[in-house]
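Here are my notebook entries from a first look around. Come along and keep the structure open beside you.

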Amino acid sequence: MASNKNKLAFLSMPAPASYVAGLGRGASGFTTRSDIGPAREGPSAEVIAEAQARRGEEPEIDPEQFQDPDNEYGLFAGTTYEQDDEEADKIYDEVDQKMDSRRRARREARENAELAKHRAERPKIQQQFADLKRGLSVVTDQEWESIPEVGNLTRKKRRKDERTFVVPDSIIVGDRSKSEYENSLDTRQQQANGFETPADTGTMTNFVEIGQARDKILSLKLDQISETATTSGSATSVDPKGYLTSLNSVVLKTEAEIGDIKRARMLFDSLVKSNPKHAPGWIAAACLEEHAGRMVAARKLIKAGCEQCPKSDDVWLEAARLHNNDDAKVILANAVQHVGQSVKIWLAAADLEHDDKSKKRVLRKALENIPNSVRLWKETVNLEESAADARILLSRAVEVIPLSVELWLALARLETPERAKAVLNKARKSVPTSHEIWIAAGRLLEQEAMGDPEKSTETRNKDLELVDKTIEFGVRALRQHQVLLTREQWLKEAERCESDGSPRTCEAIIKATVSMEVEEEDRLDTWVSDAESAEARGMVGTARAVLAYALKVFPDQRNLWRKAADLEKAHGTKESLDGVLSQAVHYCPQAEVLWLMSAKEKWLAGDVPAAREVLEKAFIANPESEQIWLAAVKLEAENGELGVARELLVRARTVADTERIWMKSAVFERQQGQYAAALETVSTALSKFPKFAKLYMIQGQIRQMEKNYSAARASYAAGLKACPKEITLWVLASKLEELDGRSIKARALLEKGRLVNPANDILWAESVGVEERSGGAAQAKAMLARGLQECPTSGLLWSMSIWAEPRPTRKSRSVDALKKSKDNPLITCTVARLFWAERKIEKARQWFSRSVTTEQDKDIGDHWGWWLKFERQHGTPEYVEEVIKQGVAAEPHHGPVWQAIAKDDKNVGKSTKELLTMVADALQ
């Protein structure tokens, strides 16, 4: 009990000074029914301060009371703001500004980065639609007009009255009878044998007679109208045959057009009255009346214009146009009296004549008045049918107008070669600044040299050398007369000569001018670009001439010889190509590519001894050349000289002793079925070249062909240990394990290969193939997804991904593939196959063509095979031949199916055309 008293002892104690009953739980300040009256207030500030002082607590100080310098209170409340206080405040402000400027660059950079991040995460609506706004720039007027107007869509979804009504029995019975079929004929149908339904009157309707009666009534009405109009004395009559045609010629004008014509008529009337000597005003006023259909008013206006402006030939020509032919002749005759020196008036007068004799008479009369008009002389000469008469006219023309180059050249073309030379000499003296005359002289000499087939080659070459000398002398003469044509202008003249059939003149121009305005260090690049651009424009002669001149200056440039050989191979003859290659190997004997090109061209031409001779010369110039040895071996092997080829390989291994020669030796023995000799050769080669991966491949393949899987596995393992970066070795080892029935081991090998060679699409593709062949479609799809994550731009994996998709989603998948792989040729070929599957023939053909565009794409033989297979199914024989022709010219070497067929020992020696056909048959 004592303890309980101690617990409740606080009840008898006085309350603390600041105690308010219920204040802790919020019970202060309200009233209840027991104590009606004002609510009790809390303790005042004085009471709280007194209680805190009694407990020894210090009063809390508001930190904000010292922050306002204009309204200070507390410690400095009674002080005055003096000048030194203001100076102190300024110093502190400067310090704050200095500190702020030091941190400003860093702060602004951070704020800009945060703002950019925020805008990237939450872009504005304007930025989200920016690409769509840019797309509006290509919207045509027709597309804009076809956009439907926004209608009133409000109250469209108004709640309808859902009242129901009882359906009448008649509707139910009628609806039921719609689905019934009649299986019996009524009495009338039975009388007509069930095939005819007679009308009520029993007669048939003849629509032919109805049409004839209608036409007859219409013709009677037309006759009545024409008779009435004729006999009544009216001003017009109706033509029953042509009145509809005449109605079509009536131009109906709207009220707006009529108002525009009236306003324009007022303006032109004011113009011709205020300035009657202004010829274009009279012409415009007459054209306005013509447009309004008032030809009489138009002719009156133009007549007044001729009276007011008799010296303007345009007014006279417009007057002649507005009148018929006879009146126009009279008008132009009057015009000649006023403007007799106008060439246009005389030419218009000649055009009004219908026979050549009258035209000649008018033009000769014109020449009497205007003898120095080149255009009149040309028109007069063109009307002459006899070359002799034209020659006489041109002789007179060049006497009257000695500075006209056109007339001199026309006269030279009509003269004989000997007299043409004299004409051109006179022209050169009369017009020493004309380059056309010099070019015409060169073409004349070339024509004279090539025109006589009985001339010997030496004589013809001497005559053609005159062309070069003439053009060279002409260029120097033009420089002396300050005629400086640019290098591009001379090249255009050379191309024009080539187009006109003067290749030697073109070559002479190139020789004389191609080195103009070119720095010495830029000559080679400039000339190569000139040749390439000329070839692109189809000017093969110009390109050949540029390269020939460049080769004279740089005879030791093998790349230049290669371009010349490629040009001749594409556009020249076999003789020209042989000549270029002979010169090339003479000037560049160390260029193996040129020797091989020369030997190959002779071999393709069927001249095997000449090819051997070329290779023998190549051996002398390049005794240790691996490519020349292998070319000689291939030449002998292709022509059935297997013993000679084997001996050459033995000698090559002794002289050159390169890893590729040892590999070719092993391949040669394997192709001949000599597996033991091939293995021995490989073993010897591996002792010399242990890092050459293809030797391990050949050894493993031979062991695999012998069904010795353990030895093949050992060969591949040794190769992977020596060459872990060789992808083909990993693939071959995996296929060996899969062939031996060990899919798990194949999967593990590929996994290890991907670790050693990360981001390799071939290994990923082979892994997907292993999963597919082992029956795990889901695992294959997952493996493909992983491969695309690691190789996002692989065309091979994207192609497999497209075919793994269901048919409806393949097109969208192909769009993603094209974006990710940047128009990879594998994706392009896959898209072409998709169009093929959808029977879109033209699109498929275009995409197949795109898949073999570049030189790198043309090397993929599978694409040519797919295209040939497509053309066989949907194309014409011409398309098939064109694809085969392009494929043979491309000489592809890569592609999974192509390599498998081309490297098969059974297909050794087969041509590219045969291989292409086999690949097209094998593709599925």
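Entry 1. I began with a cluster in this predicted model: Trp-836, Phe-848, Trp-866 and Phe-870 are linked into it by ring pairs.

Entry 2. I then counted ring pairs across the model and noted 10 aromatic pairs. I picked out two for a closer look, and began with Trp-527 and Phe-554. Their ring centres are 6.1 Å apart and the planes make an angle of 55°, so I logged the pair as tilted, since that word covers angles that are neither under 30 degrees nor over 60. Trp-527 belongs to helix α26 (residues 523-536), while Phe-554 sits in the loop between α27 (540-553) and α28 (558-571), so this pair ties together parts 27 residues apart in sequence. I checked burial too: both Trp-527 and Phe-554 are buried.

Entry 3. Back to two members of the cluster. How do Trp-836 and Phe-848 pair? I found them edge-to-face, with 6.3 Å from centre to centre and 70° between the planes. Trp-836 is in helix α44 (residues 825-837) and Phe-848 in helix α45 (residues 841-850), so parts 12 residues apart in sequence are tied together by the pair. Are these two buried or exposed? Trp-836 counts as buried because its relative accessibility is 12%, and Phe-848 counts as buried at 0%.

Entry 4. Last, I turned to charge on the surface. Lys-98, Arg-102, Arg-103, Arg-106 and Arg-110 form a positive surface patch. I looked up one of them, Arg-103, and found it in helix α3 (residues 83-121). Arg-103 has 46% relative accessibility, so I wrote it down as partly exposed.

How values were computed: Residues numbered from 1 in each chain as written. Predicted model: local features only at pLDDT ≥ 70, side-chain atom pairs only at ≥ 80, totals over all residues. Heavy atoms only, no water. Patch = residues over 30% accessible without salt bridge, like charges linked within 9 Å, V, L, I, M, F, W, Y side chains within 5 Å. Areas by Shrake-Rupley, 256 points an atom, 1.4 Å probe, with all protein chains shown as cover. Salt bridge = Lys/Arg side-chain N within 4 Å of Asp/Glu carboxyl O. Lys, Arg positive; Asp, Glu negative; His and termini not counted. Charge placed at Lys NZ, Arg CZ, Asp CG, Glu CD. Helix = DSSP H or I, 4+ residues; strand = E, 2+ residues; numbered from the N terminus. Buried < 20%, exposed > 50% of the residue type's maximum accessible area, 1.4 Å probe, protein only. Phe/Tyr/Trp six-rings, centres within 6.5 Å; stacked < 30°, edge-to-face > 60°.
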